[in-house]
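Colleague: Got a minute to walk me through this one? I'd like to start with the packing.

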Amino acid sequence: MADLGILCSKGRIAEGEQVNDEAYPKTYLYRRIVRSKLFIDDHFSESIDLEHIAGEACFSKFHFIRLFARMYGKTPHQYLSCVRIEKAKLLLTERLSVTEVCFSVGFDSLASFTDLFKRIVGKTPSAYKAEQHQHRAEILAMPLRYIPFCFAEKIPYEKSNFREAIP
Amino acid sequence: MITRLSHVCVYVLDQASAHDFYVNTLGFNVHTDAPMGPGMRWLTVCPPDQPDLEITILPIVEGMMFTKETAEHMRNLVKKGTFGFGVFETKDIYATYEELKAKGVEFKKQPTKEVYGIEATFKDDSGNWFSLSQRV
């Protein structure tokens with residue numbers, strides 16, 4: 001597990017202890033949650049122990065989940081899943097196979113990856129990959145279809161396919 | 001009649017660096033990345049909740065819209081932080097401020113309560129500045 005650094009100088013909070021948010025400066029509170037979120041952003045492909053992150057941020061697990069959800073609209077686990085799926089979408093536009101993408105972003109089961117991807121994105125990873133490759137091929141074949149002419153005419157660009165760009 | 005705004009332009013010193021800033025630091029999504037000839041790209045990004053608003057990342061280089069002298073003048077103005085290109089909104093300005101600061105973004109103004117809400121201002125990697133606001 002990567003070193004999160006010193007996030008708390010006031011000592012750990014006992015598990016289950018009630019915490020009054022107002023006891024801490026607001027900015028200090030935000031920094032601890034933000035650093036946890038950035039840790040997830042940087043280590044999403046690893047096996048992340050969210051309990052450990054909560055402890056390193058000096059919160060009880062329950063309190064950490066509640067504060068995180070209040071700030072980001074998702075629990076840490078939901079956020080981690082979303083980060084993995086968003087990274088998967090990027091990788092699927094490249095030459096990696098669905099299986100390679102699945103394990104690259106931190107999933108350990110192709111079935112669970114496919115199921116979650118379909119739930120969040122609305123289509124299977126294979127369908128999304130095929131769609132993105134087709135879109136990229138269209139852009140490369142006829143880029144002027146995607147560029148307003150007022151800009152395109154100002155550059156020394158090969159306009160041999162300009163007529164194809166006009167609907 | 002005009003119905004909506006589809007594109008807005010931001011002039012930058014380096015397109016690759018700006019791509020990294022707007023996508024990886026600010027968290028915007030790439031909308032279109034199309035080749036425009038040797039060393040040039042039509043690159044547009046969009047904020048997460050506005051997939052149909054394209055922010056066009058335009059490099060200030062001689063040849064496209066600028067003469068050599070105009071490009072140099074424009075680059076100096078951008079480096080000086082002359083231009084503010086708009087206002088970005090956030091639901092939680094303190095969280096956004098702490099995160100962008102942790103990622104190395106330069107803020108001109110910390111979150112400050114104003115009449116309309118809470119506002120901060122920051123610069124992109126070229127020097128352009130933006131307002132970041134959370135409305136009341």
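**Packing and pairing**

Modeller: Skipping neighbours within four places in sequence, I33(A) is in contact with A57(A), L67(A), F68(A) and M71(A); contact means C-beta atoms, placed from the backbone, within 7 Å. This is a predicted model, where local features need pLDDT of at least 70, side-chain atom pairs count only at pLDDT 80 or more, and totals for chains, interfaces and linings use all residues. Residues are numbered from 1 along each chain as its sequence is written, with chains lettered from A and ligands numbered from 1 in the order in which they are written.

Colleague: Which residues touch the most other members of the largest nonpolar core?

Modeller: I33(A), A57(A), F64(A) and L67(A), out of 24 residues. A core here is a set of buried Ala, Val, Leu, Ile, Met, Phe, Trp, Tyr and Cys residues joined through C-beta atoms within 7 Å, buried being 20 or more other C-beta atoms within 10 Å of a residue's own.

Colleague: And which element gives the most to this core?

Modeller: α1(A), with six residues. Helices are DSSP runs of H or I, at least four residues, and strands runs of E, at least two, numbered from the N terminus.

Colleague: Switching to the interface, how many residues does each chain put into the contact?

Modeller: Chain A puts in 20 residues and chain B 17 residues. On the chain A side, the largest share, eight residues, comes from α1(A).

Colleague: What about the sheet in chain B, what's the strand order?

Modeller: β5-β8-β7-β6, an open sheet with mixed pairing; strands pair if DSSP finds at least two bridges between them. The edge strands are β5 (84–89) and β6 (107–113) of chain B.

Technical notes: Contact = placed C-beta atoms within 7 Å. Buried ≥ 20, exposed ≤ 12 C-beta atoms within 10 Å, placed from the backbone.
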